[in-house]
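Here is a friendly walk through one structure, best read with the model open beside the text. We begin at the end of a helix and work outwards from there.

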Amino acid sequence: MLWGVSMFFKSWFARYEERFNVNYEKLRLITPDIRYWRSFKNSYRGYRAHKVEDFAYPKVDTLEEFSYFLRSADEHRRGLNVPYGSVPTSLFWLTDDVNYLASGSIRHYLNDNLKLFGGHIGYSVRTEVWGMGLGTILLGYLLPEARKLGIIRPRLTCYESNTASRRVMEKNGAVFMGRVVNRINGKDRPTLIFEIDLTMR
Ligand SMILES: CC(C)(COP(=O)(O)OP(=O)(O)OC[C@H]1O[C@@H](n2cnc3c(N)ncnc32)[C@H](O)[C@@H]1OP(=O)(O)O)[C@@H](O)C(=O)NCCC(=O)NCCS
């Protein structure tokens with residue numbers, strides 16, 4: 001009994017300690033930068049604890065690994081050495097001058113797989129700041145970047161169970177286009193497809 005109570009308080013405090021303040025006035029969309037290397041690395045703990053599937057977990061433990069990650073991101077943005085089955089992709093980070101807060105990717109065009117799963121834009125917010133409006137803000141920042149790349153009707157997808165992601169899309173003007181069932185890692189995953197019309201933006 002005593003053990004149970006002490007574990008409850010430990011986990012409550014651990015969660016409490018994990019959260020940090022966000023300086024909304026300093027929010028910026030940037031390309032990955034060594035300045036936030038440590039903060040980015042620290043975000044993995046939360047992503048892993050919450051078993052976040054929509055985060056790539058690049059290997060960035062050492063400076064060499066981080067430099068490789070930066071180089072690859074730059075190449076993929078320019079359409080070079082793009083992994084098999086993927087397409088040229090621009091990777092962005094949301095930061096507030098102190099912390100890495102979230103990642104967003106823009107796929108420059110769709111292949112057959114991305115049409116049904118992944119779409120043009122993907123994002124993940126670090127767990128310590130979930131529910132603070134950052135997913136919505138991040139997508140709002142990514143849309144003009146997509147427009148600059150000539151994407152006029154970005155397609156976005158999310159698992160049917162991912163209410164938070166669905167809301168992030170809807171709050172940015174996404175319109176529901178349909179539902180498909182994707183087979184992912186041997187499991188049927190109902191997936192919703194949305195599009196956002198950027199012609200007037
Ligand atoms: C989905 C995700 C990006 C949302 O980011 P966020 O910063 O927490 O989102 P916001 O704070 O902007 O909230 C957006 C909406 O989702 C709702 N929401 C947030 N967390 C929620 C949850 N766990 N369950 C249900 N709704 C939730 C908010 O209430 C808000 O809706 P409202 O304005 O109608 O109240 C974030 O949870 C995440 O990174 N998840 C893991 C990766 C992922 O799923 N990426 C999307 C792949 S499609």
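## Helix 5 and what follows it

Just after helix 5 comes G150, whose phi is positive, near 85°. Bear in mind that this is a predicted model, in which local features need pLDDT of at least 70 and side-chain atom pairs count only at pLDDT 80 or more, while totals for chains, interfaces and linings use all residues. Residue numbers start from 1 along each chain as its sequence is written. Helices (H or I, at least four residues) and strands (E, at least two) are DSSP runs, numbered from the N terminus.

Helix 5 covers residues 134-148, and its 15 residues should span 21 Å at 1.5 Å a residue; the end C-alpha atoms are 22 Å apart, which agrees. The expected span here is 1.5 Å times one less than the number of residues. Which residues of helix 5 are buried? They are L134, G135, I137, L138, L139, L142 and A146. Buried means that 20 or more other C-beta atoms lie within 10 Å of a residue's own; with 12 or fewer a residue is exposed, and in between it is partly exposed, the C-beta atoms being placed from the backbone. It helps to recall that an α-helix has 3.6 residues a turn, so residues three or four places apart point the same way.

The cover over these buried residues includes strand 2 (89-95), strand 3 (100-107), strand 4 (121-125) and helix 6 (163-170). Contact is counted when two C-beta atoms, placed from the backbone, lie within 7 Å.

## The four-stranded sheet

Strands 1 to 4 form an open sheet with the order 1-2-3-4 and antiparallel pairing. Its edge strands are strand 1 (28-30) and strand 4, each of which pairs on one side only. Neighbouring strands in this sheet are turned by 20° against each other on average, direction ignored. Two strands pair if DSSP finds at least two bridges between them.

Three bridges join strand 1 to strand 2, and R28 stands opposite T95 in that pairing. Strand 2 is joined to strand 3 by seven bridges. There T95 stands opposite Y100, and F92 has G104 as its bridge partner. The hairpin of strand 2 and strand 3 has four residues between the strands, and D97 takes a positive phi near 85° in it. Strand 2 is mostly covered, with six of its seven residues buried.

Helix 5 lies across strand 1, strand 2, strand 3 and strand 4, and runs at about 150° to strand 4. Such axes are lines fitted to C-alpha atoms, for helices over the stretch in contact, with angles from 0 to 180 degrees between N-to-C directions.

## The three-stranded sheet

A second open sheet has three strands in the order 5-7-6, again with antiparallel pairing. Strand 5 (155-159) and strand 6 (175-184) are the edge strands, each pairing on one side only. From one strand to the next the twist averages 30°. Five bridges join strand 5 to strand 7 (residues 187-195), and L156 stands opposite F194 in this pair. Helix 6 packs on the sheet, touching strand 5 and strand 7, and its direction makes about 155° with that of strand 5.

## Around the ligand

How many residues surround the ligand? There are 20, and the closest are G135, T136, C158, A164 and R167. The elements that give two or more residues to this shell are strand 4, helix 5 and helix 6, with helix 6 giving the most, five residues. A residue counts as near the ligand if its C-beta atom, placed from the backbone, lies within 6 Å of it.

By class, the shell has nine nonpolar, nine polar and two charged residues. Here Ala, Val, Leu, Ile, Met, Phe, Trp, Tyr, Cys and Pro count as nonpolar, Asp, Glu, Lys and Arg as charged, and the others, Gly among them, as polar.

## Two residues to look up

Y24 sits in the loop between helix 1 (2-18) and strand 1. Y24 counts as exposed because it has 11 C-beta neighbours inside 10 Å. Although Y24 and L134 are 110 residues apart in sequence, their C-alpha atoms are 9.1 Å apart in space.

K41 lies in helix 2 (residues 37-49). With 14 C-beta neighbours inside 10 Å, K41 counts as partly exposed. K41 and F194 are 153 residues apart along the chain, and 31 Å separates their C-alpha atoms.
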